[in-house]
Amino acid sequence: MRDPLELHVDFSSELFDSLFEPVVLLQPQRDNQGVIRDFTYAFVNRAACEYNGLAQDELLGHQLTETLPVAQSSGLLTAYAGVADTGRRYAQDHVLLDVPLKGGMRLSSTRCVRVGEMVAVMWQDVTEMTQARAEATAFSPEVGPVIDSHHDPHVVFAALRDLNGNIVDYLYAAANQAAAAYEGVTLDELVGSRVSDIVARSKHEAFDISHLSAVLNWGIPYIANDVSMLAHRDGKEEWRWHDQRVVKLDEDHLLSTWRDVSDRHPAGEQLADFDDPTALINEDADIICAVKEGLISWVSPSVETVLGWAPHDVLGQSPFEFVDEADRDRVRAADLGHNPHGRTRIRLRLRGRSRTAVWVDLEGELRTGRGTELVVLTLRPVAPEALVLQLLEHQAREDGLTGLANRMELFMRLPSIIAAQQHAAGSVAVILFDLDEFKRDNESFGQAAGDALLREVARRLAAHTQSSDLVARVGDDEFAVVLVGAPHAQVAVEVARELQQLIAGPVSSAGTTLGVTASVGVAWLRESDDADSLIARADAAMFMAKRQGRSGMADC
(Lines give C-alpha, C1' and ligand atoms only; values in the text may rest on other atoms or scores of the structure.)
Protein backbone atom coordinates (compact mmCIF):
# COMPACT_ATOMS: atom_id res chain seq x y z
CA MET A 1 0.00 0.00 0.00
CA ARG A 2 1.40 3.39 -0.97
CA ASP A 3 1.87 6.05 1.63
CA PRO A 4 -1.04 8.55 1.52
CA LEU A 5 1.39 11.45 1.44
CA GLU A 6 3.04 10.01 -1.66
CA LEU A 7 -0.32 9.96 -3.40
CA HIS A 8 -0.86 13.62 -2.57
CA VAL A 9 2.58 14.51 -3.88
CA ASP A 10 1.66 12.85 -7.18
CA PHE A 11 -1.53 14.87 -7.44
CA SER A 12 -0.26 18.19 -6.09
CA SER A 13 1.28 19.97 -9.07
CA GLU A 14 -1.24 19.08 -11.76
CA LEU A 15 -4.44 17.93 -10.08
CA PHE A 16 -4.67 20.33 -7.14
CA ASP A 17 -3.81 23.35 -9.26
CA SER A 18 -6.66 22.49 -11.66
CA LEU A 19 -9.30 22.73 -8.93
CA PHE A 20 -11.64 25.66 -8.49
CA GLU A 21 -11.71 25.04 -4.73
CA PRO A 22 -8.78 26.14 -2.55
CA VAL A 23 -6.61 23.26 -1.26
CA VAL A 24 -3.62 23.46 1.11
CA LEU A 25 -1.34 20.92 2.79
CA LEU A 26 -0.20 21.93 6.28
CA GLN A 27 2.86 20.61 8.14
CA PRO A 28 2.41 20.50 11.95
CA GLN A 29 4.94 22.42 14.06
CA ARG A 30 5.37 20.69 17.43
CA ASP A 31 7.13 21.74 20.61
CA ASN A 32 9.48 19.53 22.66
CA GLN A 33 6.51 17.73 24.22
CA GLY A 34 5.01 16.93 20.83
CA VAL A 35 2.16 19.45 21.16
CA ILE A 36 1.18 21.19 17.93
CA ARG A 37 1.72 24.93 18.28
CA ASP A 38 1.22 25.96 14.64
CA PHE A 39 1.27 24.72 11.02
CA THR A 40 3.36 25.74 8.04
CA TYR A 41 2.09 25.74 4.46
CA ALA A 42 3.69 22.81 2.59
CA PHE A 43 1.56 23.17 -0.56
CA VAL A 44 -1.06 25.64 -1.80
CA ASN A 45 -2.92 25.55 -5.09
CA ARG A 46 -3.71 28.57 -7.27
CA ALA A 47 -7.26 28.82 -5.97
CA ALA A 48 -6.02 29.14 -2.38
CA CYS A 49 -3.65 31.95 -3.38
CA GLU A 50 -6.40 33.80 -5.27
CA TYR A 51 -8.88 33.38 -2.41
CA ASN A 52 -6.48 34.95 0.09
CA GLY A 53 -5.05 37.51 -2.32
CA LEU A 54 -1.51 36.29 -1.65
CA ALA A 55 1.23 34.96 -3.92
CA GLN A 56 2.38 31.36 -3.51
CA ASP A 57 5.72 32.39 -2.00
CA GLU A 58 3.82 34.50 0.55
CA LEU A 59 2.21 31.30 1.86
CA LEU A 60 4.68 28.43 1.34
CA GLY A 61 6.82 27.94 4.43
CA HIS A 62 4.87 30.53 6.41
CA GLN A 63 2.90 29.76 9.52
CA LEU A 64 -0.86 29.33 9.44
CA THR A 65 -1.38 31.84 12.25
CA GLU A 66 0.42 34.51 10.21
CA THR A 67 -2.28 34.38 7.52
CA LEU A 68 -5.41 34.25 9.70
CA PRO A 69 -7.02 36.96 11.81
CA VAL A 70 -6.27 36.48 15.51
CA ALA A 71 -9.94 35.88 16.30
CA GLN A 72 -10.06 32.91 13.90
CA SER A 73 -6.60 31.36 14.20
CA SER A 74 -7.09 29.77 17.63
CA GLY A 75 -10.24 27.83 16.70
CA LEU A 76 -8.96 26.55 13.36
CA LEU A 77 -5.56 25.68 14.85
CA THR A 78 -7.26 23.55 17.51
CA ALA A 79 -9.46 21.83 14.92
CA TYR A 80 -6.59 21.02 12.53
CA ALA A 81 -4.37 19.86 15.40
CA GLY A 82 -7.11 17.44 16.42
CA VAL A 83 -7.09 15.99 12.90
CA ALA A 84 -3.30 15.62 12.91
CA ASP A 85 -3.23 13.94 16.32
CA THR A 86 -6.26 11.64 16.08
CA GLY A 87 -6.79 11.09 12.37
CA ARG A 88 -10.45 12.06 12.75
CA ARG A 89 -11.91 14.04 9.89
CA TYR A 90 -12.94 17.67 10.49
CA ALA A 91 -16.00 18.75 8.54
CA GLN A 92 -17.77 22.06 9.09
CA ASP A 93 -20.34 23.40 6.65
CA HIS A 94 -20.72 26.99 7.81
CA VAL A 95 -17.36 28.39 8.88
CA LEU A 96 -17.31 32.19 9.10
CA LEU A 97 -14.07 33.61 7.69
CA ASP A 98 -12.86 37.19 7.32
CA VAL A 99 -11.75 37.52 3.67
CA PRO A 100 -10.85 41.18 2.99
CA LEU A 101 -10.33 40.49 -0.73
CA LYS A 102 -13.98 39.40 -0.98
CA GLY A 103 -15.39 42.25 1.06
CA GLY A 104 -15.38 40.90 4.60
CA MET A 105 -17.04 37.95 6.29
CA ARG A 106 -17.72 34.89 4.12
CA LEU A 107 -19.25 31.46 4.78
CA SER A 108 -17.24 28.42 3.77
CA SER A 109 -17.69 24.64 3.77
CA THR A 110 -14.42 23.21 5.11
CA ARG A 111 -12.99 19.67 5.12
CA CYS A 112 -9.73 18.60 6.77
CA VAL A 113 -8.15 15.11 6.86
CA ARG A 114 -4.80 13.72 7.94
CA VAL A 115 -2.43 12.83 5.10
CA GLY A 116 0.71 11.11 6.40
CA GLU A 117 2.26 13.55 8.86
CA MET A 118 0.41 16.51 7.35
CA VAL A 119 -3.21 17.60 7.08
CA ALA A 120 -5.03 18.52 3.87
CA VAL A 121 -7.61 21.32 3.98
CA MET A 122 -10.13 22.01 1.23
CA TRP A 123 -12.82 24.65 1.45
CA GLN A 124 -15.55 26.09 -0.73
CA ASP A 125 -17.11 29.52 -0.46
CA VAL A 126 -20.83 28.86 0.09
CA THR A 127 -21.96 32.40 0.90
CA GLU A 128 -24.05 32.83 -2.24
CA MET A 129 -25.26 29.20 -2.12
CA THR A 130 -26.46 29.63 1.46
CA GLN A 131 -28.26 32.82 0.54
CA ALA A 132 -29.87 31.11 -2.45
CA ARG A 133 -31.08 28.19 -0.34
CA ALA A 134 -32.52 30.58 2.23
CA GLU A 135 -34.40 32.34 -0.54
CA ALA A 136 -35.64 29.05 -2.00
CA THR A 137 -36.91 27.62 1.28
CA ALA A 138 -38.61 30.91 2.15
CA PHE A 139 -40.29 30.91 -1.29
CA SER A 140 -39.23 34.50 -1.85
CA PRO A 141 -39.96 36.25 -5.16
CA GLU A 142 -36.25 36.11 -5.96
CA VAL A 143 -36.15 32.28 -6.06
CA GLY A 144 -36.91 32.25 -9.78
CA PRO A 145 -33.67 33.98 -10.83
CA VAL A 146 -31.72 31.93 -8.28
CA ILE A 147 -32.42 28.56 -9.89
CA ASP A 148 -33.45 29.68 -13.37
CA SER A 149 -29.80 30.55 -14.07
CA HIS A 150 -29.23 26.79 -14.53
CA HIS A 151 -29.75 25.18 -17.94
CA ASP A 152 -30.76 21.86 -16.36
CA PRO A 153 -34.21 21.58 -14.73
CA HIS A 154 -34.19 22.47 -11.01
CA VAL A 155 -37.11 22.30 -8.59
CA VAL A 156 -37.60 22.78 -4.85
CA PHE A 157 -39.99 20.26 -3.25
CA ALA A 158 -41.89 20.99 -0.02
CA ALA A 159 -43.22 18.08 2.05
CA LEU A 160 -46.98 17.88 2.60
CA ARG A 161 -47.87 16.15 5.89
CA ASP A 162 -51.05 14.76 7.40
CA LEU A 163 -52.27 15.54 10.95
CA ASN A 164 -49.90 12.88 12.35
CA GLY A 165 -46.88 14.43 10.66
CA ASN A 166 -46.55 11.71 8.02
CA ILE A 167 -45.47 12.78 4.52
CA VAL A 168 -48.31 12.14 2.05
CA ASP A 169 -47.09 14.13 -0.96
CA TYR A 170 -44.79 16.92 -2.09
CA LEU A 171 -45.46 20.35 -3.52
CA TYR A 172 -43.47 22.13 -6.23
CA ALA A 173 -42.43 25.08 -4.07
CA ALA A 174 -40.16 26.60 -6.71
CA ALA A 175 -38.92 25.68 -10.17
CA ASN A 176 -36.95 27.12 -13.05
CA GLN A 177 -38.11 27.62 -16.62
CA ALA A 178 -36.20 24.53 -17.78
CA ALA A 179 -38.20 22.31 -15.41
CA ALA A 180 -41.51 23.79 -16.54
CA ALA A 181 -40.61 23.35 -20.20
CA TYR A 182 -39.58 19.75 -19.57
CA GLU A 183 -42.94 18.99 -17.96
CA GLY A 184 -44.80 20.73 -20.78
CA VAL A 185 -46.50 23.30 -18.54
CA THR A 186 -45.99 26.95 -17.70
CA LEU A 187 -44.00 27.94 -14.64
CA ASP A 188 -47.18 29.23 -12.95
CA GLU A 189 -48.89 25.87 -13.58
CA LEU A 190 -45.95 23.88 -12.17
CA VAL A 191 -45.25 25.86 -8.99
CA GLY A 192 -47.89 24.95 -6.43
CA SER A 193 -48.74 21.62 -8.07
CA ARG A 194 -48.56 18.32 -6.19
CA VAL A 195 -45.78 15.97 -7.25
CA SER A 196 -48.15 13.00 -7.44
CA ASP A 197 -50.25 14.82 -10.05
CA ILE A 198 -47.22 15.56 -12.24
CA VAL A 199 -45.82 12.04 -11.85
CA ALA A 200 -49.16 10.47 -12.78
CA ARG A 201 -49.46 12.66 -15.85
CA SER A 202 -45.85 12.23 -16.99
CA LYS A 203 -45.55 8.50 -16.22
CA HIS A 204 -42.07 8.83 -14.76
CA GLU A 205 -40.78 5.25 -14.62
CA ALA A 206 -38.48 5.20 -11.58
CA PHE A 207 -39.53 8.30 -9.69
CA ASP A 208 -41.85 7.89 -6.73
CA ILE A 209 -42.43 9.79 -3.54
CA SER A 210 -40.61 7.22 -1.40
CA HIS A 211 -37.31 8.31 -3.00
CA LEU A 212 -37.93 11.86 -1.87
CA SER A 213 -38.93 10.80 1.64
CA ALA A 214 -35.76 8.71 1.99
CA VAL A 215 -33.65 11.78 1.21
CA LEU A 216 -35.63 13.95 3.63
CA ASN A 217 -35.57 11.41 6.47
CA TRP A 218 -31.96 10.25 6.17
CA GLY A 219 -30.25 13.22 4.54
CA ILE A 220 -28.51 10.93 2.02
CA PRO A 221 -28.63 12.31 -1.56
CA TYR A 222 -30.64 10.35 -4.14
CA ILE A 223 -28.49 9.54 -7.15
CA ALA A 224 -29.96 7.62 -10.09
CA ASN A 225 -28.53 7.26 -13.58
CA ASP A 226 -30.25 6.22 -16.80
CA VAL A 227 -33.83 6.77 -15.61
CA SER A 228 -36.49 6.89 -18.34
CA MET A 229 -38.93 9.82 -18.15
CA LEU A 230 -41.54 11.22 -20.49
CA ALA A 231 -40.41 14.62 -21.69
CA HIS A 232 -42.15 17.33 -23.71
CA ARG A 233 -40.06 18.45 -26.69
CA ASP A 234 -41.31 20.70 -29.46
CA GLY A 235 -44.90 20.06 -28.46
CA LYS A 236 -44.53 16.28 -28.48
CA GLU A 237 -44.15 13.68 -25.77
CA GLU A 238 -40.96 11.60 -25.98
CA TRP A 239 -39.32 9.04 -23.69
CA ARG A 240 -35.85 10.27 -22.69
CA TRP A 241 -33.03 9.01 -20.42
CA HIS A 242 -31.87 11.03 -17.43
CA ASP A 243 -29.41 11.22 -14.57
CA GLN A 244 -31.24 12.41 -11.44
CA ARG A 245 -30.05 14.02 -8.22
CA VAL A 246 -32.04 15.01 -5.10
CA VAL A 247 -30.51 16.66 -2.00
CA LYS A 248 -31.95 17.83 1.30
CA LEU A 249 -32.21 21.57 1.97
CA ASP A 250 -33.82 21.47 5.41
CA GLU A 251 -36.32 19.37 7.38
CA ASP A 252 -39.16 20.03 4.93
CA HIS A 253 -37.53 20.94 1.60
CA LEU A 254 -35.54 19.19 -1.12
CA LEU A 255 -33.71 20.39 -4.21
CA SER A 256 -33.98 18.15 -7.28
CA THR A 257 -32.28 18.37 -10.66
CA TRP A 258 -31.97 16.08 -13.66
CA ARG A 259 -29.96 16.01 -16.86
CA ASP A 260 -30.98 14.54 -20.20
CA VAL A 261 -28.36 11.93 -21.18
CA SER A 262 -30.33 10.26 -23.96
CA ASP A 263 -27.51 10.79 -26.44
CA ARG A 264 -25.51 8.14 -24.58
CA HIS A 265 -27.99 5.42 -25.53
CA PRO A 266 -28.25 5.33 -29.33
CA ALA A 267 -24.68 4.06 -29.51
CA GLY A 268 -25.34 1.04 -27.33
CA GLU A 269 -28.67 0.30 -29.00
CA GLN A 270 -27.29 0.48 -32.53
CA LEU A 271 -24.20 -1.53 -31.60
CA ALA A 272 -26.44 -4.24 -30.15
CA ASP A 273 -28.18 -4.54 -33.51
CA PHE A 274 -24.87 -4.13 -35.38
CA ASP A 275 -26.03 -1.33 -37.56
CA ASP A 276 -23.42 0.89 -39.20
CA PRO A 277 -21.50 2.35 -36.21
CA THR A 278 -20.20 5.27 -38.26
CA ALA A 279 -23.72 6.70 -38.17
CA LEU A 280 -23.60 7.12 -34.39
CA ILE A 281 -23.57 10.54 -32.79
CA ASN A 282 -20.17 10.97 -31.13
CA GLU A 283 -20.06 14.53 -29.88
CA ASP A 284 -20.18 13.42 -26.23
CA ALA A 285 -16.97 13.53 -24.17
CA ASP A 286 -17.67 9.93 -23.14
CA ILE A 287 -15.81 7.17 -24.97
CA ILE A 288 -18.14 4.46 -26.27
CA CYS A 289 -16.41 1.23 -27.19
CA ALA A 290 -17.65 -2.13 -28.54
CA VAL A 291 -15.71 -5.29 -27.66
CA LYS A 292 -16.27 -8.46 -29.68
CA GLU A 293 -14.51 -11.71 -28.80
CA GLY A 294 -12.12 -9.84 -26.51
CA LEU A 295 -11.01 -7.24 -29.08
CA ILE A 296 -12.18 -3.67 -29.72
CA SER A 297 -14.37 -3.73 -32.83
CA TRP A 298 -15.53 -0.12 -32.75
CA VAL A 299 -14.74 3.02 -30.75
CA SER A 300 -16.11 6.55 -30.82
CA PRO A 301 -13.89 9.36 -32.14
CA SER A 302 -13.86 10.95 -28.66
CA VAL A 303 -11.10 8.45 -27.75
CA GLU A 304 -8.65 10.81 -29.43
CA THR A 305 -9.83 13.82 -27.42
CA VAL A 306 -9.69 12.00 -24.08
CA LEU A 307 -6.69 9.64 -24.49
CA GLY A 308 -4.82 10.96 -27.51
CA TRP A 309 -5.19 7.68 -29.41
CA ALA A 310 -6.68 7.79 -32.91
CA PRO A 311 -9.48 5.24 -33.45
CA HIS A 312 -7.30 3.18 -35.82
CA ASP A 313 -4.69 2.84 -33.02
CA VAL A 314 -7.30 1.19 -30.81
CA LEU A 315 -9.26 -1.05 -33.19
CA GLY A 316 -8.35 -4.74 -33.00
CA GLN A 317 -6.59 -4.33 -29.65
CA SER A 318 -7.54 -5.85 -26.30
CA PRO A 319 -9.06 -3.25 -23.94
CA PHE A 320 -6.56 -4.38 -21.28
CA GLU A 321 -3.74 -2.92 -23.40
CA PHE A 322 -5.00 0.53 -22.45
CA VAL A 323 -5.68 -0.14 -18.75
CA ASP A 324 -3.01 1.04 -16.32
CA GLU A 325 -1.05 -1.93 -14.96
CA ALA A 326 -2.01 -1.04 -11.39
CA ASP A 327 -5.71 -1.58 -12.22
CA ARG A 328 -5.60 -4.59 -14.58
CA ASP A 329 -6.20 -7.28 -11.95
CA ARG A 330 -9.10 -5.30 -10.51
CA VAL A 331 -10.67 -4.88 -13.96
CA ARG A 332 -10.30 -8.60 -14.74
CA ALA A 333 -11.95 -9.46 -11.43
CA ALA A 334 -14.88 -7.17 -12.29
CA ASP A 335 -15.64 -9.37 -15.36
CA LEU A 336 -16.98 -6.42 -17.33
CA GLY A 337 -20.12 -7.02 -19.31
CA HIS A 338 -20.86 -10.40 -17.73
CA ASN A 339 -22.47 -9.30 -14.47
CA PRO A 340 -25.72 -11.32 -14.12
CA HIS A 341 -27.27 -8.37 -12.21
CA GLY A 342 -26.83 -5.86 -15.06
CA ARG A 343 -24.17 -3.25 -15.66
CA THR A 344 -20.74 -3.39 -14.10
CA ARG A 345 -19.30 -0.08 -12.87
CA ILE A 346 -15.70 0.59 -11.87
CA ARG A 347 -13.31 3.57 -11.58
CA LEU A 348 -9.89 2.99 -13.11
CA ARG A 349 -6.92 4.55 -14.89
CA LEU A 350 -6.37 4.32 -18.64
CA ARG A 351 -3.03 4.79 -20.41
CA GLY A 352 -3.07 7.83 -22.67
CA ARG A 353 -0.90 8.22 -25.77
CA SER A 354 1.44 10.50 -23.80
CA ARG A 355 1.70 7.67 -21.20
CA THR A 356 -0.12 9.77 -18.62
CA ALA A 357 -2.85 8.09 -16.56
CA VAL A 358 -6.40 9.26 -17.24
CA TRP A 359 -9.04 8.45 -14.61
CA VAL A 360 -12.42 7.29 -15.98
CA ASP A 361 -15.65 5.81 -14.68
CA LEU A 362 -16.31 2.71 -16.76
CA GLU A 363 -19.62 0.91 -17.31
CA GLY A 364 -19.76 -2.44 -19.09
CA GLU A 365 -22.94 -4.03 -20.40
CA LEU A 366 -23.50 -7.21 -22.40
CA ARG A 367 -25.68 -6.77 -25.49
CA THR A 368 -26.93 -9.34 -27.97
CA GLY A 369 -28.06 -8.96 -31.55
CA ARG A 370 -28.28 -11.15 -34.62
CA GLY A 371 -26.96 -14.14 -32.74
CA THR A 372 -23.76 -12.42 -31.59
CA GLU A 373 -22.70 -10.90 -28.27
CA LEU A 374 -20.97 -7.56 -27.77
CA VAL A 375 -19.71 -5.91 -24.61
CA VAL A 376 -20.49 -2.19 -24.80
CA LEU A 377 -18.18 -0.04 -22.66
CA THR A 378 -18.91 3.57 -21.72
CA LEU A 379 -15.95 5.47 -20.28
CA ARG A 380 -16.55 8.89 -18.72
CA PRO A 381 -13.55 11.06 -17.73
CA VAL A 382 -13.51 11.81 -14.00
CA ALA A 383 -13.25 15.46 -12.98
CA PRO A 384 -10.14 16.29 -10.89
CA GLU A 385 -12.39 17.53 -8.10
CA ALA A 386 -14.01 14.09 -7.84
CA LEU A 387 -10.61 12.41 -7.57
CA VAL A 388 -9.47 14.66 -4.77
CA LEU A 389 -12.71 14.25 -2.85
CA GLN A 390 -12.46 10.47 -3.33
CA LEU A 391 -8.92 10.52 -1.98
CA LEU A 392 -9.80 12.76 0.97
CA GLU A 393 -12.83 10.62 1.78
CA HIS A 394 -10.68 7.48 1.58
CA GLN A 395 -8.16 8.99 4.00
CA ALA A 396 -10.98 9.99 6.35
CA ARG A 397 -12.11 6.34 6.58
CA GLU A 398 -8.71 4.61 6.75
CA ASP A 399 -6.24 4.31 9.59
CA GLY A 400 -3.09 6.00 8.30
CA LEU A 401 -0.64 3.78 10.18
CA THR A 402 -2.01 0.29 9.47
CA GLY A 403 -4.11 0.76 6.34
CA LEU A 404 -7.10 -0.85 8.09
CA ALA A 405 -10.53 0.70 8.35
CA ASN A 406 -10.75 3.21 11.20
CA ARG A 407 -13.37 3.61 13.92
CA MET A 408 -15.58 5.87 11.81
CA GLU A 409 -15.60 3.36 8.94
CA LEU A 410 -16.51 0.55 11.36
CA PHE A 411 -19.50 2.47 12.70
CA MET A 412 -20.58 3.43 9.17
CA ARG A 413 -20.46 -0.12 7.77
CA LEU A 414 -21.62 -2.21 10.72
CA PRO A 415 -25.36 -1.34 10.42
CA SER A 416 -25.48 -2.46 6.78
CA ILE A 417 -23.54 -5.65 7.61
CA ILE A 418 -26.05 -6.47 10.35
CA ALA A 419 -29.02 -5.74 8.07
CA ALA A 420 -27.62 -7.93 5.28
CA GLN A 421 -26.99 -10.85 7.62
CA GLN A 422 -30.41 -10.59 9.25
CA HIS A 423 -32.00 -10.64 5.80
CA ALA A 424 -29.96 -13.73 4.86
CA ALA A 425 -30.69 -15.48 8.20
CA GLY A 426 -26.98 -15.25 9.06
CA SER A 427 -25.34 -13.66 12.05
CA VAL A 428 -22.56 -11.30 13.10
CA ALA A 429 -20.06 -11.19 15.95
CA VAL A 430 -17.81 -8.32 17.02
CA ILE A 431 -14.41 -9.25 18.47
CA LEU A 432 -12.39 -6.51 20.21
CA PHE A 433 -8.64 -6.88 20.87
CA ASP A 434 -6.80 -4.68 23.39
CA LEU A 435 -3.00 -5.05 23.35
CA ASP A 436 -1.78 -5.66 26.91
CA GLU A 437 0.71 -3.15 28.34
CA PHE A 438 1.19 -1.53 24.94
CA LYS A 439 1.61 1.98 26.33
CA ARG A 440 4.43 0.82 28.63
CA ASP A 441 6.21 -1.02 25.79
CA ASN A 442 5.80 1.97 23.48
CA GLU A 443 7.44 4.26 26.04
CA SER A 444 10.22 1.73 26.74
CA PHE A 445 11.20 0.84 23.17
CA GLY A 446 10.16 3.99 21.32
CA GLN A 447 7.41 5.03 18.94
CA ALA A 448 9.05 3.43 15.88
CA ALA A 449 9.00 -0.02 17.54
CA GLY A 450 5.45 0.56 18.74
CA ASP A 451 4.30 1.51 15.24
CA ALA A 452 5.96 -1.58 13.78
CA LEU A 453 4.16 -3.75 16.33
CA LEU A 454 0.78 -2.19 15.47
CA ARG A 455 1.34 -2.69 11.75
CA GLU A 456 2.28 -6.35 12.29
CA VAL A 457 -0.79 -7.01 14.45
CA ALA A 458 -2.93 -5.42 11.71
CA ARG A 459 -1.27 -7.58 9.06
CA ARG A 460 -1.85 -10.78 11.04
CA LEU A 461 -5.52 -9.99 11.64
CA ALA A 462 -6.14 -9.07 7.99
CA ALA A 463 -4.29 -12.15 6.71
CA HIS A 464 -6.26 -14.61 8.84
CA THR A 465 -9.80 -13.32 8.35
CA GLN A 466 -12.22 -13.76 5.48
CA SER A 467 -12.73 -11.14 2.77
CA SER A 468 -16.33 -10.74 3.99
CA ASP A 469 -15.11 -9.82 7.50
CA LEU A 470 -14.22 -6.26 8.51
CA VAL A 471 -10.95 -5.55 10.33
CA ALA A 472 -10.46 -2.10 11.88
CA ARG A 473 -8.14 -0.21 14.21
CA VAL A 474 -10.49 1.53 16.63
CA GLY A 475 -8.05 3.01 19.17
CA ASP A 476 -4.36 3.49 19.86
CA ASP A 477 -3.93 -0.16 20.86
CA GLU A 478 -7.37 -1.55 20.05
CA PHE A 479 -8.49 -3.55 17.03
CA ALA A 480 -11.88 -4.90 16.00
CA VAL A 481 -12.93 -7.78 13.78
CA VAL A 482 -16.52 -7.99 12.55
CA LEU A 483 -17.02 -11.71 11.93
CA VAL A 484 -19.68 -12.28 9.28
CA GLY A 485 -21.71 -15.47 8.84
CA ALA A 486 -20.48 -17.57 11.79
CA PRO A 487 -23.09 -20.31 12.41
CA HIS A 488 -23.19 -19.90 16.21
CA ALA A 489 -21.58 -18.07 19.14
CA GLN A 490 -19.09 -20.82 19.95
CA VAL A 491 -17.54 -20.52 16.48
CA ALA A 492 -17.00 -16.80 17.08
CA VAL A 493 -15.25 -17.56 20.39
CA GLU A 494 -13.03 -20.17 18.70
CA VAL A 495 -12.08 -17.73 15.94
CA ALA A 496 -11.34 -15.06 18.55
CA ARG A 497 -9.02 -17.46 20.42
CA GLU A 498 -7.18 -18.39 17.21
CA LEU A 499 -6.64 -14.72 16.36
CA GLN A 500 -5.52 -14.02 19.95
CA GLN A 501 -2.84 -16.72 19.59
CA LEU A 502 -1.72 -15.32 16.22
CA ILE A 503 -1.29 -11.86 17.73
CA ALA A 504 0.83 -13.29 20.54
CA GLY A 505 3.74 -14.22 18.26
CA PRO A 506 6.98 -12.18 18.68
CA VAL A 507 7.47 -9.01 16.60
CA SER A 508 10.94 -7.84 15.52
CA SER A 509 11.74 -4.20 14.79
CA ALA A 510 15.12 -2.42 14.48
CA GLY A 511 16.94 -5.24 16.27
CA THR A 512 14.37 -5.41 19.06
CA THR A 513 12.04 -8.36 19.58
CA LEU A 514 8.79 -7.47 21.27
CA GLY A 515 6.36 -9.88 22.87
CA VAL A 516 2.72 -8.99 22.67
CA THR A 517 -0.48 -10.36 24.14
CA ALA A 518 -4.06 -9.21 23.76
CA SER A 519 -7.18 -9.24 25.89
CA VAL A 520 -10.27 -10.15 23.88
CA GLY A 521 -13.96 -9.38 24.19
CA VAL A 522 -16.57 -11.14 22.02
CA ALA A 523 -20.19 -10.17 21.44
CA TRP A 524 -22.63 -12.26 19.39
CA LEU A 525 -25.51 -10.50 17.61
CA ARG A 526 -28.84 -10.87 19.41
CA GLU A 527 -32.26 -10.33 17.86
CA SER A 528 -32.72 -7.05 19.75
CA ASP A 529 -29.25 -5.69 18.86
CA ASP A 530 -28.35 -2.82 16.61
CA ALA A 531 -24.81 -1.68 15.80
CA ASP A 532 -24.45 0.49 18.91
CA SER A 533 -25.67 -2.17 21.34
CA LEU A 534 -23.51 -4.86 19.74
CA ILE A 535 -20.39 -2.69 20.10
CA ALA A 536 -21.39 -1.81 23.68
CA ARG A 537 -21.60 -5.47 24.62
CA ALA A 538 -18.24 -6.18 23.00
CA ASP A 539 -16.79 -3.31 25.08
CA ALA A 540 -18.32 -4.81 28.23
CA ALA A 541 -16.80 -8.20 27.39
CA MET A 542 -13.44 -6.51 26.85
CA PHE A 543 -13.67 -4.89 30.29
CA MET A 544 -14.30 -8.29 31.85
CA ALA A 545 -11.36 -9.79 29.94
CA LYS A 546 -8.97 -7.03 31.11
CA ARG A 547 -9.87 -7.81 34.73
CA GLN A 548 -8.56 -11.36 34.21
CA GLY A 549 -5.05 -10.08 33.46
CA ARG A 550 -2.92 -10.56 30.34
CA SER A 551 -4.46 -12.66 27.53
CA GLY A 552 -7.89 -12.62 29.13
CA MET A 553 -10.99 -13.47 27.12
CA ALA A 554 -14.69 -12.98 27.79
CA ASP A 555 -17.89 -13.02 25.77
CA CYS A 556 -21.11 -11.16 26.39
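This report walks through a predicted model, from its overall make-up to a sheet with its helices, a hairpin and two residues with unusual backbone angles.

**The whole chain**

Let's start with the broad view. The secondary structure of the protein comes to 20 helices and 22 strands. The protein has 556 residues, and 46% of them count as buried. Among contacts with a separation of 6 or more, 51% are between residues 24 or more positions apart. About 28200 Å² of the protein is exposed, with carbon and sulfur atoms supplying 51% of that area.

**A five-stranded sheet**

If you turn to the later part of the sequence, you will find an open sheet of five strands in the order 17-18-16-21-22, with mixed pairing. Strand 17 (470–473) and strand 22 (553–555) stand at the edges; each has a single partner strand, so one side of each is left without a neighbour in the sheet. From one strand to the next, the twist averages 15°.

Within this sheet, strand 16 (residues 428–435) pairs with strand 18 (residues 478–484) in the antiparallel sense, over seven bridges. A handy place to look is Val428, which stands opposite Val484 in strand 18.

**Helices around the sheet**

Two helices lie across strands of this sheet. Helix 18 (residues 447–463) lies across strand 16, strand 17 and strand 18, and runs at about 5° to strand 18. Helix 20 (residues 531–547) lies across strand 16, strand 21 (518–524) and strand 22, and runs at about 145° to strand 21.

Helix 18 also has a helical partner. Two packed helices are described by the angle between their axes and the distance between the axes. The axes of helix 18 and helix 19 (residues 489–503) come within 10 Å and cross at roughly 145°. The crossing of helix 18 past helix 19 is right-handed. Which residues in helix 18 and helix 19 meet? From helix 18 come Val457, Arg460 and Leu461, and from helix 19 come Leu499, Leu502 and Ile503. The residues of this contact divide into five nonpolar, no polar and one charged.

**Strand 1 and its partners**

Now move to the early part of the sequence. Strand 1 (residues 23–30) and strand 2 (residues 36–44) pair in the antiparallel sense over seven bridges, with Arg30 standing opposite Ile36 in strand 2. Strand 1 and strand 2 form a hairpin with five residues between them, and Gly34 in the turn has a positive phi of about 85°.

Strand 1 is also joined to strand 5 (residues 118–125) by four bridges, and these two strands run antiparallel. Here Leu25 stands opposite Ala120 in strand 5.

**Positive phi outside glycine**

Two other residues are worth a look for their backbone angles. Glu293 has a positive phi near 55° and is a residue other than glycine. Ser551 likewise has a positive phi, of about 65°, although it is not a glycine. Their surroundings are set out below.

| Residue | Loop | Relative accessible area |
|---|---|---|
| Glu293 | between strand 11 (287–292) and strand 12 (295–299) | 77% |
| Ser551 | between helix 20 and strand 22 | 37% |

Is Glu293 buried or exposed? Glu293 is exposed, because its relative accessible area of 77% is over 50%. Ser551 is partly exposed, with a relative accessible area of 37%. The loop that holds Ser551 links helix 20 to strand 22, and strand 22 is one of the edge strands of the sheet described above.

Notes:
Residues are numbered from 1 along each chain as its sequence is written. This is a predicted model: local features need pLDDT of at least 70, side-chain atom pairs count only at pLDDT 80 or more; totals for chains, interfaces and linings use all residues. Side-chain values use heavy atoms; hydrogens and water are left out. Two strands pair if DSSP finds at least two bridges between them. Axes are lines fitted to C-alpha atoms, for helices over the stretch in contact, and angles run from 0 to 180 degrees between N-to-C directions. Contact means heavy atoms within 4.5 Å. A crossing is left-handed if the near helix is turned anticlockwise from the far one by less than a right angle, and right-handed if clockwise. Ala, Val, Leu, Ile, Met, Phe, Trp, Tyr, Cys and Pro count as nonpolar, Asp, Glu, Lys and Arg as charged, and the others, Gly among them, as polar. Buried means under 20% relative accessible area, exposed over 50%, partly exposed in between (1.4 Å probe, protein chains only). Accessible areas come from the Shrake-Rupley method with a 1.4 Å probe; for residues, only the protein chains shown count as cover.
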